[in-house]
Amino acid sequence: MSLFDKFQPIAEVREELDRLGVTPFGAVTERLLSATEGIVSGHRVILAGTNNYLGLTFDPECVEAARTAAATEGTGTTGSRLANGTYAAHAALERELAEFFGCRSAIVFSTGYLATMGMSSTLAAPGDVILLDADSHASIYDGCRLSGAELVRFRHNDAADLEKRLRRLRGRGANVLIIVEGIYSMLGDRAPLAAIAALKREYGAYLLVDEAHSMGMLGERGRGMVEETGIESDVDFIVGTFSKSLGSTGGFCVSQRPELELVRFATRAYIFTASPSPSVIASTRVALRIVRDRPELRQQLWDNAQRLYDGLKAQGFRVGPDASPVVAATVDDRAQAIGFWNQLMHRGVYVNLVMPPATPTNSCLLRCSVSAAHTTEQIDTILGAYAALKLSDDDL
Ligand code: PMP
């Protein structure tokens with residue numbers, strides 16, 4: 001028995017990839033040419049798997065703000081928000097996020113993972129019950145486990161199953177926290193948020209929504225799917241990330257509840273880690289303003305998403321139920337999925353290869369995330385590369 005025996009399944013996948021000579025999980029971006037093009041592991045590619053939904057990573061104003069902040073405030077804060085790591089800009093971003101969402105307050109975290117993990121692990125405790133969608137992100141699962149609360153999963157996007165479980169809990173007198181996402185990260189499918197909010201109201205539960213893949217992309221003001229669905233007053237907590245539509249790193253939680261300010265002082269994922277660097281906060285503040293002021297970026301993103309989704313569907317790929325900024329094709333056979341990923345790289349298109357257990361089913365995914373910065377020609381090149389995929393990998 002060795003400490004490392006448990007890593008055997010990982011070793012087997014790595015050996016298989018080595019045998020095939022592909023490195024989907026070790027791909028190195030050697031040079032970035034723009035928000036949508038780069039040199040990855042020696043291939044000049046269109047970046048079609050970056051979550052850079054609004055294409056803001058190279059926005060001149062964001063870059064300039066980051067540059068100025070690094071020059072004037074330094075490269076890092078070197079400390080926790082509760083010690084030396086709260087600068088005026090962190091507090092300003094929290095005010096701006098609260099205002100953007102029309103909420104009372106906001107907490108900024110160092111990553112989206114820490115925001116989701118920190119909030120779910122702190123809001124619920126032993127004696128409470130968390131009802132979570134079975135396809136929830138790893139950060140949600142990790143937080144829920146850490147909370148010590150009783151964990152009950154309901155079937156993905158199934159409001160009837162959620163209700164069945166809420167009914168069973170009735171009378172127990174426990175606090176119930178429901179956790180769902182807006183758009184789900186792997187297939188781009190949407191939660192039935194209106195039905196979930198109605199159940200939350202009926203059963204007197206609390207509701208936390210992770211808008212990582214919908215903030216900036218949905219809603220008239222870009223607040224996300226909660227705004228689009230018109231259930232803002234039913235949602236107790238919205239969490240999200242800066243690493244997708246806002247083009248940096250970091251995460252947040254916003255809430256109407258005054259108690260969020262207490263949660264701040266109890267959240268270990270907030271307290272025991274260094275706060276985001278000044279450059280990160282500076283570019284995020286500008287990006288948030290752009291989300292507010294440039295709705296045309298959202299329109300461009302959705303035009304691109306619709307084009308890619310329709311095109312892949314017409315080619316016969318098994319994509320998600322609706323067009324979305326995440327467009328993922330399901331491939332059942334693992335070797336075939338690896339071969340397809342490699343062929344796409346050779347044809348100048350970089351997508352995410354996702355394998356179980358990171359996928360919702362036992363299948364693999366060739367996952368694209370669309371950007372407002374993609375040109376129509378780039379979307380068509382991506383479609384062309386998918387259309388040319390060969391079923392055998394003889395010609396790799
Ligand atoms: N929640 C969801 C739904 C996500 O998809 C992700 C990132 N993939 C996160 C949280 C974590 O965000 P970050 O990568 O910014 O830490």
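# Pockets, a ligand and two backbone details

Guide: Sorted by class, the lining of the second largest pocket has 10 nonpolar, two polar and three charged residues. You're looking at a predicted model, where local features need pLDDT of at least 70, side-chain atom pairs count only at pLDDT 80 or more, and totals for chains, interfaces and linings use all residues. Residues are numbered from 1 along each chain as its sequence is written, and side-chain values use heavy atoms, with hydrogens and water left out.

Visitor: What makes a residue nonpolar, polar or charged?

Guide: Ala, Val, Leu, Ile, Met, Phe, Trp, Tyr, Cys and Pro count as nonpolar, Asp, Glu, Lys and Arg as charged, and the others, Gly among them, as polar. Ile10, Val13, Arg14, Leu17 and Phe25 lie nearest the centre of this pocket; by that list, Arg14 is charged and Ile10 is nonpolar.

Visitor: Why is this called a pocket?

Guide: Because, on a 1 Å grid over the protein atoms alone, a pocket is an open set of points where a 1.4 Å probe fits, with protein on both sides within 12 Å along at least five of seven lines. A lining residue has an atom within 4 Å of a point. The second largest pocket has 15 of them, and six come from helix α1 (residues 8–20).

Visitor: What about the largest pocket: how much space lies in it?

Guide: About 810 Å³. It's lined by 40 residues, with His137, Ala138, Ser185, Met186 and Ala358 closest to its centre. Of the lining residues, 19 are nonpolar, 15 polar and six charged.

Visitor: Which residues are closest to the ligand?

Guide: Tyr113, Asp210, His213, Thr241 and Ser243, out of 14 that surround the ligand. A residue is near if one of its heavy atoms lies within 4 Å of it.

Visitor: What makes a pair of atoms a polar contact?

Guide: Both are N or O, within 3.5 Å of each other. An N or O atom in the side chain of Asp210 is 2.6 Å from a nitrogen atom of the ligand, so that pair counts. Lys244 qualifies too, at 3.1 Å from a ligand nitrogen.

Visitor: Where is Ser41, and why point it out?

Guide: Ser41 sits in the loop between β2 (37–40) and β3 (43–47). Its phi is near 45°, a positive value in a residue other than glycine. Most residues other than glycine have a negative phi, and most peptide bonds are trans.

Visitor: What kind of peptide bond joins Pro356 and Pro357?

Guide: A cis one, with omega about 10°. Pro357 is in the loop between β13 and β14 (364–369).

Notes. Points joined across faces, edges and corners; volume = space filled by probe spheres on them. Helix = DSSP H or I, 4+ residues; strand = E, 2+ residues; numbered from the N terminus. Polar contact = N/O pair within 3.5 Å; in protein donor to acceptor, adjacent residues only side chain to side chain.
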